[in-house]
Amino acid sequence: MNINLFKDYLSLPDFKKIDYVFLSLFIFLCLFGLISIATASIQFSDSLTGEPLDFFYKQFLHLVVGFTLFAFLLTIPLAFWESFDLVLFVLGIFLLILVFLPGIGLEVKGAYRWLRIGPIGLQPSEIIKFLTLIYISGYSVRRLKDLRPHWFAFLKPAILVVLVSALILRQPDLGTSAVIFATVLGMLFVAGVQLKQFLFVIALGIIGIFALIFFEPYRWDRIMAYQDPWSSENVFHGGYQLTQSLMAIGRGDWFGVGLGEGLMKLGYLPDAHTDFIFAVIVEEMGLLTAIVIIATLFFLCFRCINIGNKAFLRSLHFGYFFCYGVAILIGLQTFINVGVATGLLPTKGLTLPFISYGGTNLIIMCSLSALVLRVDLEVKSSQPIVNIRRRVSF
């Protein structure tokens, strides 16, 4: 029986049908991320472990795990995820709760965002991104006809996502919770919810975000510092990261100062290998290289949308919703990360997809990419649509 279940939910992909454009973009971003981390983390890694390339070695190991999981997930049909979406989503919520349990959750700088399982560290807020996209895609397929006319069909997933966002906010992590909330709203809008429902929830979300900022002193200080980061009271406090990031970008100009020659990563710019890695890229490799990376990330998003549209034409609605969700998630996270580094948005901790240091984040991005490619494979393996041109119009 177990063998039959294994056969039902595991099938080797047809490698002749793989979207090599998407695959090339994915591999390029992952490898470029390794190079960026190798140079951005030298000072921090050396001061922390005594080994300048320690973070590079760890990220390389994460990438090997990510590629292995990528290959495995490519063999799993979409029917598996659609069948177990709710179970996986509940498991993700359970992991979010575990971070608050003493002895299991790991506290770093007052934040409870990690689980320590032996030598392995996990970040449940990253895992829940993947599982939320799976659940919302499956739910949208099941309730496709009810989402538009019935408020409850729309509010049910919204309430569950609010629960997830609340747990992430308790860690605290406003950026990740906002990205998940916005991604889910985008997916439900694509699924056909009414515009008034969509705008109503957006209004509530905006009010909630402003309330969270206003009633948390450190978040309010960031907003005040964002308005004038160069003032004497902000330049060494709330506006410090932004001013250092802008100086790094200014030093880079169009072509950069040279790979490994950056100055701001040498203890001046905090989180140079994670949240502000974009500033290091501009400083060392130039604005032109940064534009290429941003364009590649958004081209990957458009490729996801293109694959999703093809899935819709073949009535593979789960794949359609999932691809749009991945595109929204990656695009939104890229926009926020680059916006923060360039001063377009207030300072908020959020990684650059495929590029920033972080094992769980990289593995989840590999998993999302694998499922998008799986959608494309199943689209190409489905029956073609026969278009019959009408000879008479009525």
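Begin by selecting helix H15, residues 359-381, in this predicted model. Lysine 380 and aspartate 376 both belong to this helix and stand four residues apart, about one turn of the helix. Display their side chains: they meet in a salt bridge, with an N to O distance of 3.0 Å. The two partners may then be coloured by accessibility. Lysine 380 is partly exposed, at a relative accessible area of 36%, whereas aspartate 376 counts as buried, at 1%.

**The loop before H15**

Step back along the chain to phenylalanine 354, which is located in the loop between H14 and H15. Its backbone deserves a torsion check: phi is positive, about 70°, although the residue is not a glycine. Most residues other than glycine have a negative phi. Phenylalanine 354 is also buried, with a relative accessible area of 2%.

**The loop between H13 and H14**

Next, select serine 315, placed in the loop between H13 and helix H14 (317-342). What is the sign of phi at serine 315? The value is positive, near 65°, in a residue other than glycine. This serine comes just after H13, and that helix is the next stop.

**Helix H13 and its kink**

Select residues 277-313 and show the backbone as a trace. A straight helix of 37 residues would span 54 Å at 1.5 Å a residue, but H13 spans only 39 Å between its end C-alpha atoms. Where is the kink in H13 centred? Methionine 285 marks its centre, and the kink amounts to about 125°.

Remain in H13 and select glutamate 283, together with arginine 251. These residues form a salt bridge in which the closest N and O atoms are 2.4 Å apart. Arginine 251 lies in helix H12 (residues 240-252) and glutamate 283 in helix H13, so the contact ties together parts that are 32 residues apart in sequence. Glutamate 283 counts as buried, at 0% relative accessibility, while arginine 251 counts as partly exposed, at 36%.

**A salt bridge between H6 and H7**

In the whole structure, a search finds eight salt bridges. One of them joins the side chains of aspartate 85 and arginine 142, at 2.8 Å from N to O. This pair links distant parts of the chain: aspartate 85 is in helix H6 (residues 85-98) and arginine 142 in helix H7 (residues 124-142), 57 residues apart. Which relative accessibility does aspartate 85 have? The value is 2%, and aspartate 85 therefore counts as buried. Arginine 142, by contrast, is partly exposed, with a relative accessible area of 45%.

**Helix H8 and a contact along the chain**

Move on to helix H8 (residues 151-169) and select valine 164 within it. Valine 164 counts as buried, at 1% relative accessibility. Add phenylalanine 181 to the selection and draw a distance between the C-alpha atoms. The separation is 8.9 Å, for residues that are 17 positions apart along the chain.

**A nonpolar patch on the surface**

Now switch to a surface representation and select Phe60, Leu61, Val64 and Val65. Together they form a nonpolar patch on the surface, with about 350 Å² of accessible area. Valine 65, one member of this patch, lies in helix H4 (residues 54-73). Valine 65 is partly exposed, with a relative accessible area of 40%.

**The cysteines**

For the last stop, select the cysteines and display their sulfur atoms. How many disulfides does the structure hold? The count is zero. Cysteine 30 is in no disulfide, and the nearest cysteine sulfur, that of cysteine 366, is 4.6 Å away. A disulfide requires a pair of cysteine sulfur atoms within 2.5 Å, so a separation beyond that cut-off does not count. Cysteine 30 is buried, with a relative accessible area of 3%.

Centre the view next on cysteine 304. Why does its sulfur form no bond with that of cysteine 323? The sulfur of cysteine 323 is the closest cysteine sulfur to that of cysteine 304, but at 6.0 Å the separation is too far for a bond. Cysteine 304 is buried as well, with a relative accessible area of 0%.

Definitions and conventions. Residues numbered from 1 in each chain as written. Predicted model: local features only at pLDDT ≥ 70, side-chain atom pairs only at ≥ 80, totals over all residues. Heavy atoms only, no water. Buried < 20%, exposed > 50% of the residue type's maximum accessible area, 1.4 Å probe, protein only. Patch = residues over 30% accessible without salt bridge, like charges linked within 9 Å, V, L, I, M, F, W, Y side chains within 5 Å. Areas by Shrake-Rupley, 256 points an atom, 1.4 Å probe, with all protein chains shown as cover. Salt bridge = Lys/Arg side-chain N within 4 Å of Asp/Glu carboxyl O. Helix = DSSP H or I, 4+ residues; strand = E, 2+ residues; numbered from the N terminus. Expected span 1.5 Å × (residues − 1). Bend = angle between axes of the 7 residues up to and from the residue.
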